[in-house]
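Please look through the sequence and the model below, and then follow the report through a few chosen residues, the cores and one of the helices.

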Amino acid sequence: MIDTRLGHGLDIPKSRDERARERFVSSLRAHVLTDVAESMKRAWESDVLPAFRAEHDRDPANAEEVHAALRPHPQFRFYSSLRCTAQEAVWNAVIDELEDDVEAFNRRCAEIAADRSRAQGTLELDPALELPRSATAVDVHLMPGNYHGSRGDDDAVAGAIYDNGLNVFAFGVMGEHLDDIGLSMANFVRLRFPDLQPEKILDVGCTIGHNTVPWKRTFPQAEVHGVDIAAPCLRYAHARAQTLGETVHFHQQAAESLDFPDASLDVVFSSMFLHELPLKSIRAFLAEAHRVLRPGGVLINMELPPNSATAPYDGFYLDWDSYYNNEPYYKGFRDQDYKELCTSAGFAEDAFFEAVMPRYGYVDEDAFAAAISADAAFDEDTGRLSDIIMWYGFGARR
């Protein structure tokens with residue numbers, strides 16, 4: 001049975017019916033992304049691909065051709081309709097629970113954040129920060145109100161919606177605290193660059209800090225910071241880190257103009273963030289990462305692999321969100337050459353790296369170390385949410 005409790009001090013009281021609803025939606029998500037997705041792939045292989053070959057005398061050249069050929073098929077329509085319904089059900093389930101007493105929840109977050117006996121983390125907000133239209137024009141992931149939506153000066157509800165929603169969304173494959181991406185990338189850096197003893201680490205686009213905290217746990221001697229533009233998520237992130245007893249410093253900043261001095265950081269990290277940005281913002285952020293990193297420092301981004309590295313069908317499957325899940329920049333990012341993005345930002349060509357790795361929290365260290373020492377190998381499980389998902393990371397050393 002899927003456990004939808006958060007495992008930290010901001011879990012809200014829920015009735016048995018509410019827990020049951022969350023478990024049902026989480027199980028529905030798992031069913032869609034495994035069984036229904038597999039049925040769609042079988043329909044592609046048995047019906048659509050043979051018809052495409054008969055018409056064109058070749059296989060599809062790219063993900064776009066797969067998408068166009070498969071879109072009229074009933075199995076694609078069933079999959080897409082059910083996946084959108086499940087995505088909306090995730091948010092509806094947790095929003096209803098949080099609506100019970102918003103004021104009490106926000107007071108509780110503020111009290112926890114202010115409790116310095118838990119940890120010594122800090123929060124800096126910038127009310128004058130202008131939020132980009134790329135972040136405010138759509139409800140990303142179909143999340144009502146998006147990440148930045150606020151009900152007042154002390155509001156943290158958007159962060160709670162995201163935390164509870166992601167917990168249902170992930171159906172148990174992202175670790176106890178939804179932190180396996182951060183845990184995996186931090187341990188990749190620890191094992192891949194043993195000479196690096198980071199003193200200052202930055203997570204950009206940190207949302208609620210679920211992948212920020214693992215950097216502090218992996219490198220307890222380091223000063224760890226997280227930045228995001230969404231104030232409600234940052235308020236929640238600060239309180240969440242405090243409940244976990246981890247000292248992390250959160251700031252409201254834009255990735256394109258980081259308020260950190262030149263050559264002041266040892267690691268700049270992002271997770272599932274670049275695909276939320278238009279290309280000009282991606283390039284601006286990577287240039288900022290190059291600016292703020294010390295010589296020998298590491299930029300690492302957890303993302304989905306580029307379309308150039310995936311088979312046409314797998315590329316279509318990963319691009320689905322760009323068309324149907326309010327992810328307008330998703331495909332545009334995946335169409336880029338990731339090495340070129342890094343070198344254009346100032347990193348040397350031979351400093352680029354990429355890796356495919358198992359979830360650190362689910363394998364022993366020897367297996368993890370062996371995986372990250374091998375050349376990156378892509379298959380249908382790379383970046384695809386399932387029990388056997390493999391994380392993909394890329395970056396460069398300064």
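Glutamate 111 is exposed, with a relative accessible area of 57%, in a model that is predicted. The value lies above the cut-off, since exposed means over 50%. This glutamate sits in helix 4, which spans residues 102–114. Between glutamate 111 and valine 224 there are 22 Å in space, taken from C-alpha to C-alpha, and 113 residues in sequence.

Helix 4 also spans the position of cysteine 109, if one goes by its range of residues 102–114, and cysteine 109 counts as buried at 3% relative accessibility. Cysteine 109 takes part in no disulfide, and the nearest cysteine sulfur, which belongs to cysteine 233, is 11 Å away. Because a disulfide requires two cysteine sulfur atoms within 2.5 Å, a distance of 11 Å to the nearest one rules out such a bond for cysteine 109. The structure as a whole holds zero disulfides. Cysteine 342 is likewise buried, with a relative accessibility of 1%.

Three buried residues may be compared through the polar contacts of their side chains, which the table sets out.

| Residue | Relative accessibility | Polar partner | Distance |
|---|---|---|---|
| Histidine 8 | 10% | Aspartate 163 | 2.9 Å |
| Threonine 212 | 0% | Aspartate 203 | 2.6 Å |
| Histidine 251 | 8% | Histidine 225 | 2.8 Å |

Where along the chain does histidine 8 lie? Histidine 8 belongs to the segment before helix 1, and, leaving aside residues up to four places away in sequence, it touches Asp163, Tyr236, Arg240, Thr243 and Leu244. The C-alpha atoms of histidine 8 and histidine 177 are separated by 7.8 Å, although these two residues are 169 residues apart along the chain.

Threonine 212 has its place in the loop between strand 2 (200–204) and helix 8 (213–218). Not counting residues up to four places away in sequence, threonine 212 is in contact with Asp203, Cys206, Val224, His225, Gly226, Val248 and Phe250. Histidine 251, for its part, is found in strand 4, made up of residues 249–252. With residues up to four places away in sequence again left out, histidine 251 touches Glu124, His225, Gly226, Val227, Asp228, Leu234 and Phe260. His225 and Gly226 thus appear among the contacts of threonine 212 and also among those of histidine 251.

The nonpolar interior comes next. The largest nonpolar core has 96 residues, and those with the most contacts inside it are Phe188, Val189, Trp215 and Ile300. Helix 1, residues 16–56, supplies the largest share of this core, namely 11 residues. Apart from this core lies another one, of 30 residues, which includes Leu258, Ile282, Val356 and Ala396.

Within the largest core, valine 189 touches Leu196, Trp215, Phe219, Val267, Val298 and Ile300, when residues up to four places away in sequence are not counted. Two of these partners, tryptophan 215 and phenylalanine 219, form an aromatic pair. How are the rings of tryptophan 215 and phenylalanine 219 arranged, and at what distance centre to centre? The pair is stacked, with 6.2 Å centre to centre and 20 degrees between the planes. Tryptophan 215 is buried, its relative accessible area being 1%, and phenylalanine 219 counts as buried at 4% relative accessibility.

The count of aromatic pairs comes to 23. Ring pairs also link Trp44, Phe76, Tyr79, Tyr313, Phe316, Tyr317, Trp320, Tyr323 and Tyr324 into a cluster.

Helix 2, residues 63–70, has as its buried residues Ala63, Val66, His67 and Leu70. Why do they lie on the same side of helix 2? They cover an arc of only 100 degrees around the axis, which puts them on the same side of the helix. An α-helix has 3.6 residues a turn, so residues three or four places apart point the same way. The buried residues of helix 2 pack against helix 1, helix 3 (74–98) and helix 11 (312–324). At the N-terminal end of helix 2, asparagine 62 acts as a cap, with a side-chain oxygen 3.2 Å from the backbone nitrogen of glutamate 64.

Key: Residues numbered from 1 in each chain as written. Predicted model: local features only at pLDDT ≥ 70, side-chain atom pairs only at ≥ 80, totals over all residues. Heavy atoms only, no water. Core = buried A, V, L, I, M, F, W, Y, C linked by side-chain atoms within 4.5 Å. Buried < 20%, exposed > 50% of the residue type's maximum accessible area, 1.4 Å probe, protein only. Helix = DSSP H or I, 4+ residues; strand = E, 2+ residues; numbered from the N terminus. Contact = heavy atoms within 4.5 Å. Arc of directions from axis to C-beta. Polar contact = N/O pair within 3.5 Å; in protein donor to acceptor, adjacent residues only side chain to side chain. Phe/Tyr/Trp six-rings, centres within 6.5 Å; stacked < 30°, edge-to-face > 60°.
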